[in-house]
Amino acid sequence: MAGLQPVSRDAGLPSTAAATEGRGAPPSLLLKASAGVVLLLVWEIVVRALAPEYVARPTGIAKVFLPVLSDAQFLAAAGATLWAVVQGLAISIVAGTAVGLLMGRVPTAEHGLRYYVNSLFATPMVAILPLVTLWFGYNADARLAVVVFASFFSMAINTADGARSVPMEFLEVARSFRARPMSTMFDVVLPSSLPYLLAGLRLAAGRALIGAVVAEFFVSIPGLGYFILYNSRTFRHDDAFVAVIVLVAAGVGFEAAIKWLTRRYMPWGRRG
């Protein structure tokens, strides 16, 4: 009939998001906080019921957290570990990026280095610690060498993958403008490989932290790893766990910084 309009079957029905919101779904942040509180409560109850008195528990960690953080020896140990990680990452970024670009764009280098790089990447860092201490001694140089060993191969492998994945259209445009090989490498290949390079940096940062702590366990030099080892052996588990929290915070902070850089300066490199 005239004047009547067709009515959609979905008209008047709330959207999925609105329906979910109307059912009172808890916000994501609240859900995460609630899960964390539950885990802390379970930890506290289980340790009080089953574990010895010296085992770390949330209330004990909370009591010693600020005193340990303000202690000069702890701050010196944290500074030594984190500075070694920063130094090792800087070396690995430069060397790993150079080797990765070479492997990704030069077939001879790829065939010559690929198996050695992959094999050393899969080698447990604990296995090379005795050799590192023989070469560098029982000092901070050994820790730095382990950090570089732990992080270098992640950078090299990911950068090589990124260099191989450069679209042919980019390279053809560079060749059409008669770009020199070095200009193509730094102006085309390297920018196109940045998402892969940042992915390698995220992996390298985590491995670098692990390498520094493992080296301090083995070599017994001042740092967060030795702080954890010493306090665990003297049954001060709460103090030791403060160092663990600092290491976790450093890793999470670096991860957040990499994600922010990717979102801010390379939105095309995001995966959702």
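## Helix H11 and the second largest pocket

H11 gives the most to the lining of the second largest pocket, with 4 residues. The model is a predicted one. The volume of this pocket is about 270 Å³. Its lining counts 13 residues, and those closest to the centre are Asp-71, Gln-73, Phe-227, Tyr-230 and Asn-231.

Three helices each supply at least two lining residues: H3 (58-69), H4 (72-105) and H11 (224-233). Sorted by class, the lining holds 7 nonpolar, 3 polar and 3 charged residues. Rolling a probe the size of a water molecule over the atoms shows where empty space is left.

## The overall fold

The protein has 12 helices and 0 strands. Read from the N terminus, its elements run α-α-α-α-α-α-α-α-α-α-α-α.

The protein has 272 residues, and 34% of them are buried. About 16,900 Å² is exposed, and carbon and sulfur atoms supply 69% of that area. Take the contacts between residues at least 6 apart in sequence: 73% of them join residues at least 24 apart.

## Two nonpolar cores

In soluble globular proteins, nonpolar side chains tend to be buried together. Here the largest nonpolar core has 28 residues. Phe-74, Val-85, Leu-89, Leu-201, Leu-224, Ala-243 and Leu-247 have the most contacts inside this core. Six helices each supply at least two of its residues: H3, H4, H7 (140-164), H10 (194-219), H11 and H12 (237-265). H10 provides the largest share, 9 residues. A second core, separate from this one, has 20 residues, including Val-146, Phe-152, Ala-156 and Val-219.

Which residues does Leu-247 touch, leaving aside its neighbours within four places in sequence? Leu-247 is in contact with Thr-81, Leu-209, Val-213, Leu-224 and Ile-228. Leu-224, one of these partners, also ranks among the residues with the most contacts inside the largest core.

## How H11 packs

H11 has several buried residues: Leu-224, Gly-225, Phe-227, Ile-228, Leu-229 and Asn-231. The buried residues of this helix pack against H3, H4, H10 and H12. Phe-227 and Asn-231 are buried, and both are among the residues closest to the centre of the second largest pocket. Leu-224 is buried as well, and belongs to the largest nonpolar core.

## A buried arginine in H7

Arg-143 sits in helix H7. Is Arg-143 buried or exposed? Arg-143 counts as buried because its relative accessible area is 7%, and the cut-off for buried is under 20%.

Its contacts, leaving aside neighbours within four places in sequence, are Ala-80, Thr-81, Ala-84, Ala-212, Ala-215, Glu-216, Ile-221, Pro-222 and Gly-223. Thr-81 is a contact of Arg-143 and also of Leu-247.

## Loops on either side of H11

Ser-220 lies in the loop between H10 and H11. Its phi is near 60 degrees, a positive value in a residue other than glycine. Ser-220 is partly exposed because its relative accessible area is 42%, and partly exposed runs between the 20% and 50% cut-offs.

Phe-235 lies in the loop between H11 and H12. This residue is not a glycine either, yet its phi is positive, about 60 degrees.

Terms used
Residues are numbered from 1 along each chain as its sequence is written. This is a predicted model: local features need pLDDT of at least 70, side-chain atom pairs count only at pLDDT 80 or more; totals for chains, interfaces and linings use all residues. Side-chain values use heavy atoms; hydrogens and water are left out. On a 1 Å grid over the protein atoms alone, a cavity is a set of points where a 1.4 Å probe fits but cannot get out, and a pocket is an open set with protein on both sides within 12 Å along at least five of seven lines; lining residues have an atom within 4 Å of a point. Grid points are joined across faces, edges and corners, and a volume is the space filled by probe spheres set on the points. Ala, Val, Leu, Ile, Met, Phe, Trp, Tyr, Cys and Pro count as nonpolar, Asp, Glu, Lys and Arg as charged, and the others, Gly among them, as polar. Buried means under 20% relative accessible area, exposed over 50%, partly exposed in between (1.4 Å probe, protein chains only). Contact means heavy atoms within 4.5 Å. Accessible areas come from the Shrake-Rupley method with a 1.4 Å probe; for residues, only the protein chains shown count as cover. A nonpolar core is a set of buried Ala, Val, Leu, Ile, Met, Phe, Trp, Tyr and Cys residues joined through side-chain atoms within 4.5 Å.
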